[in-house]
Amino acid sequence: MWGWIALAVFIVFIIVLYLLSPLISPPQINLKDAHVLITGGSSGIGKALAIQAVQQGSKVTLLARDKLKLEEAKKEIQKYVIEDDCEQRVQTVSVDLSGDYQLVESLLHNAESSLGGVDILINCAGTSSPGRFDELPVSEFRKMMEINYISAVHATRALLPGMKERGRGRIVFVSSQAGQLGLFGFSAYSASKFALRGLAEALQMEVKPYNVYLTLAFPADTNTPGFQEEQKSKPLETKLISETSGLFSAENVASIILADTVRGRFFSSMGLDGIMLSCLTCGFSPVTSLMEATQQVVTMGIFRIISLFYLDHFDRIVRRCKLDRETRNSEKKKI
Ligand SMILES: NC(=O)C1=CN([C@@H]2O[C@H](COP(=O)(O)OP(=O)(O)OC[C@H]3O[C@@H](n4cnc5c(N)ncnc54)[C@H](OP(=O)(O)O)[C@@H]3O)[C@@H](O)[C@H]2O)C=CC1
Ligand SMILES: CCCCCCCCCCCCCCCC(=O)[C@@H](N)CO
């Protein structure tokens, strides 16, 4: 009897939350006719995002360094254009985003002159150099910050004033699950992805009154050219720990990021591990639905307990790999 009453109260509570949710949820935006600028749009997750935006009627600017790769991506993405009135265009900009800011700014403003003010900026350009801390050259730490963090600062700095003036806009930062927890082999990479979170939280507080909303995406391992490259130099420990969260397709990751961006959700996470991680590490992040806040409050303690088991599992992986290496080395010496 009491069990049923408790269940009924719980269900009513959930329904009330759903009804109240729109009060704090950001307004949805329409991808149709929107100008979506995607940094890193010539490959992997960025390219998948571009294809899906175009399929939903957006005009797209792709930004990356390699001109040839950009042209090839543009040709592929153009196949998905849904309007034949020449209004829905795909254009490319070739620039090193982490380089000279004045150049980045003027190229981005040119892109806006031809396709209109950017409605959605997706900061996806990035790379990873895995390796043990003391084996990574110090220059890699600077490189990670420049490509993964400064690139996003540059693009956002150039496009935000226009968004504030127009009173609307979305900005996405593609971080990583390695931007929610630090893990073996990702000391340089994780730090640069954590930096995006500080930036996103501070910026969201500034720009909410201008109707500009941020989305911070935390993909797990995703099968892309960048991932294949990274696999070549990844320590075994990093591979084994990352595998816990599975391997996603770029299309799947892109569709989750795009849906969360349209809804204006601050966190975009994927898979069960991803959702647990976001609840556990929500900290002082902005709330974009009451449902989300309730989930966080209710589950945090439980997820912390679960995380202790994961931590123990990861420690065991690290210990086992070290032992295996030492045994192999001593066998080699004997021969
Ligand atoms: N794949 C994965 O497992 C995961 C990836 N991520 C993140 O998602 C994002 C995309 O990853 P993924 O699709 O795998 O990457 P890819 O390596 O496949 O693509 C990276 C893109 O970024 C561009 N880029 C890199 N550096 C610069 C630069 N300095 N200026 C301009 N453009 C640049 C590249 O083009 P070009 O080289 O021509 O400049 C390319 O278009 C990255 O930020 C990554 O850290 C997060 C979690 C998991
Ligand atoms: C309640 C607790 C839940 C805990 C779940 C823990 C799962 C940890 C897995 C971390 C995976 C990190 C992948 C990074 C991928 C990446 O960014 C690179 N591939 C970039 O190229």
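Let's start with Asn211, which counts as partly exposed because its relative accessible area is 29%, and partly exposed sits between 20% and 50%. Bear in mind throughout that this is a predicted model. You'll find Asn211 in the loop between H6 and strand S6, the latter covering residues 212–218. Its backbone is worth a look too: phi is near 65°, a positive value in a residue other than glycine.

Asp33 makes a good companion to that residue. Here phi is about 65° and positive, although Asp33 is not a glycine. Asp33 belongs to the loop that runs between helix H1 (2–24) and strand S1 (35–39). With a relative accessible area of 45%, Asp33 is partly exposed.

Now move along to helix H2, residues 44–55. How far does this helix reach from its first C-alpha to its last? The 12 residues of H2 span 17 Å, close to the 16 Å expected at 1.5 Å a residue. Is H2 largely enclosed or not? Of its 12 residues, 10 are buried, so the rest of the structure largely encloses this helix. Among the buried ones are Ile45, Leu49, Ile51 and Val54, and the glycines Gly44 and Gly46 are on the list as well. Gln52 is buried in H2 too. Just after the helix comes Gly57, with a positive phi of about 95°.

Next, the ligands. Ligand 1 is surrounded by 30 residues, and the closest are Ser42, Ser43, Arg65, Thr222 and Thr224. A few atom pairs help to place this ligand. An oxygen atom of ligand 1 sits 2.9 Å from a polar backbone atom of Asp66. For Leu97, the partner is a nitrogen atom of the ligand, 3.0 Å from a polar backbone atom of that residue. Lys69 takes part through its side chain, where an N or O atom is 3.4 Å from an oxygen atom of ligand 1.

Ligand 2 has 16 residues around it, with Ser176, Tyr189, Asp221, Glu230 and Phe303 the closest. Several of these come with side-chain distances. From Ser176, a polar side-chain atom lies 2.6 Å from an oxygen atom of the ligand. Tyr189 likewise places a polar side-chain atom 2.7 Å from an oxygen atom of ligand 2. For Glu230, an N or O atom in the side chain is 2.8 Å from an oxygen atom of this ligand.

Glu230 deserves a closer look. Which helix holds it? Glu230 is part of helix H7, residues 225–231. Is Glu230 buried or exposed? Its relative accessibility is 9%, so it counts as buried, the cut-off being under 20%. Besides its pairing with ligand 2, the Glu230 side chain makes a polar contact of 2.5 Å with the side chain of Ser128.

That leaves the empty spaces. Rolling a probe the size of a water molecule over the atoms shows where such space is left. How many cavities of 30 Å³ or more does the structure hold? There is one, and the largest cavity has a volume of about 40 Å³. Its lining includes Thr39, Asn123, Cys124, Val174 and Lys193. Helices H5 (138–166) and H6 (187–207) each supply at least two lining residues, and H5 gives the most, with four. By class, the lining of this cavity has six nonpolar, four polar and one charged residues.

The second largest pocket, by contrast in kind, is an open space, and its volume is about 250 Å³. Its lining is made up of 13 residues, and Arg265, Ser269, Ile275, Glu292 and Gln295 lie nearest the centre. Three elements each supply at least two residues of that lining: strand S9 (267–269), helix H10 (271–280) and helix H11 (290–334). Which of them provides the largest share? That would be H11, with four residues. Sorted by class, the pocket lining divides into four nonpolar, six polar and three charged residues.

Terms used. Residues numbered from 1 in each chain as written. Chains lettered and ligands numbered in written order. Predicted model: local features only at pLDDT ≥ 70, side-chain atom pairs only at ≥ 80, totals over all residues. Heavy atoms only, no water. 1 Å grid on protein atoms, 1.4 Å probe; cavity = no way out; pocket = protein on both sides within 12 Å on 5 of 7 lines; lining within 4 Å. Points joined across faces, edges and corners; volume = space filled by probe spheres on them. Nonpolar A, V, L, I, M, F, W, Y, C, P; charged D, E, K, R; others polar. Expected span 1.5 Å × (residues − 1). Buried < 20%, exposed > 50% of the residue type's maximum accessible area, 1.4 Å probe, protein only. Near = heavy atom within 4 Å. Polar contact = N/O pair within 3.5 Å; in protein donor to acceptor, adjacent residues only side chain to side chain.
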